[in-house]
Amino acid sequence: MGLALAEARLALASADVPVGAVVVGPGGAVVGRGHNAREAAADPTAHAELLALREASATLGRWRLDDCTLVVTLEPCLMCAGATVLARVPRLVLGAWDPKAGACGSQWDVVRDRRVNHRVEVVGGVREAECAALLREFFARHR
């Protein structure tokens, strides 16, 4: 989670919401990193999780990440939760819960929905206070 928080802080340089993600590969090494870059890239899909999953797939040379763990500072949205399922990621570790837009247990539970073809183990609340504080400070400055 420390590496994901470091990624989140990188988003601040472009006034993006500070969310960071890393994908840990089968040997324990980081194979993908990402931080929100919607503002920087003018791309609505440039969420930290998608960027980290894309990099992990490129690093490993495959789309199926069924031996990896996604670590993210904020509960993924619908789009990112869907991408996590489609990449066959078995485990998601998240920091802060997102009661407004979270799709891994808060508003929706896409990653554990029995109607989809793959379910993801969710480990939530890891360094939650630190992850939430980074977001609170960001939004306090932008209001």
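How many salt bridges does the structure hold? There are 7 salt bridges in this one. Keep in mind that you are looking at a predicted model.

**The annotated residues**

Let's start with what the database says. UniProt, in an unreviewed entry, lists Glu-49 under "active site". That annotation may be inferred rather than shown by experiment. Glu-49 is found in helix H3, which runs over residues 48-60. Is Glu-49 buried or exposed? Its relative accessible area is just 4%, so Glu-49 counts as buried, the cut-off being under 20%. Setting aside neighbours within four places in sequence, Glu-49 is in contact with Ala-21, Leu-70, Val-72, Leu-74, Pro-76 and Cys-80.

The UniProt label "binding site", again from an unreviewed entry, covers His-47, Cys-77 and Cys-80. These residues are spread over 34 residues of sequence, yet they cluster in space, with a largest C-alpha distance of 9.3 Å. Two of the set, His-47 and Cys-77, are part of the lining of the largest pocket. Cys-80, for its part, is one of the contacts of Glu-49.

Where does His-47 sit? His-47 is in the loop between helix H2 (38-41) and H3. With 14% relative accessibility, His-47 is buried. Not counting residues up to four places away in sequence, His-47 touches Asn-36, Arg-38, Cys-77, Met-79 and Cys-80. Its contacts therefore include both of the cysteines that carry the "binding site" label, as contact here means heavy atoms within 4.5 Å.

**The largest pocket**

The largest pocket has a volume of about 600 Å³. Its lining is made up of 21 residues, and those nearest the centre are Val-17, Leu-74, Asp-98, Leu-135 and Phe-139. Leu-74 also turns up among the contacts of Glu-49. Which element gives the largest share of the lining? That is helix H5 (residues 128-141), with 4 residues. Sorted by class, the lining has 12 nonpolar, 2 polar and 7 charged residues.

**The salt bridges**

Back to the charged pairs. Side chains of opposite charge can pair when their charged atoms come close. Here are some of the pairs, with the N to O distance for each.

| Pair | N to O distance |
|---|---|
| Asp-66 and Arg-62 | 3.9 Å |
| Arg-62 and Asp-67 | 3.1 Å |
| Arg-115 and Asp-113 | 2.6 Å |

Arg-62 meets Asp-66 in one salt bridge and Asp-67 in another. The Asp-66 pair still counts because its 3.9 Å falls within the 4 Å cut-off. How accessible are these residues? Arg-62 is partly exposed at 29% relative accessibility, Asp-67 is partly exposed at 32%, and Asp-66 is partly exposed at 43%.

The pair of Arg-115 and Asp-113 brings together an exposed and a buried residue. Arg-115 has 75% relative accessibility and counts as exposed. Asp-113 comes in at 19%, so it counts as buried, given that the cut-off is under 20%.

Which residues are linked in a network of salt bridges? Those are Arg-9, Arg-127 and Glu-130.

Key: Residues numbered from 1 in each chain as written. Predicted model: local features only at pLDDT ≥ 70, side-chain atom pairs only at ≥ 80, totals over all residues. Heavy atoms only, no water. Salt bridge = Lys/Arg side-chain N within 4 Å of Asp/Glu carboxyl O. Buried < 20%, exposed > 50% of the residue type's maximum accessible area, 1.4 Å probe, protein only. Helix = DSSP H or I, 4+ residues; strand = E, 2+ residues; numbered from the N terminus. 1 Å grid on protein atoms, 1.4 Å probe; cavity = no way out; pocket = protein on both sides within 12 Å on 5 of 7 lines; lining within 4 Å. Points joined across faces, edges and corners; volume = space filled by probe spheres on them. Nonpolar A, V, L, I, M, F, W, Y, C, P; charged D, E, K, R; others polar.
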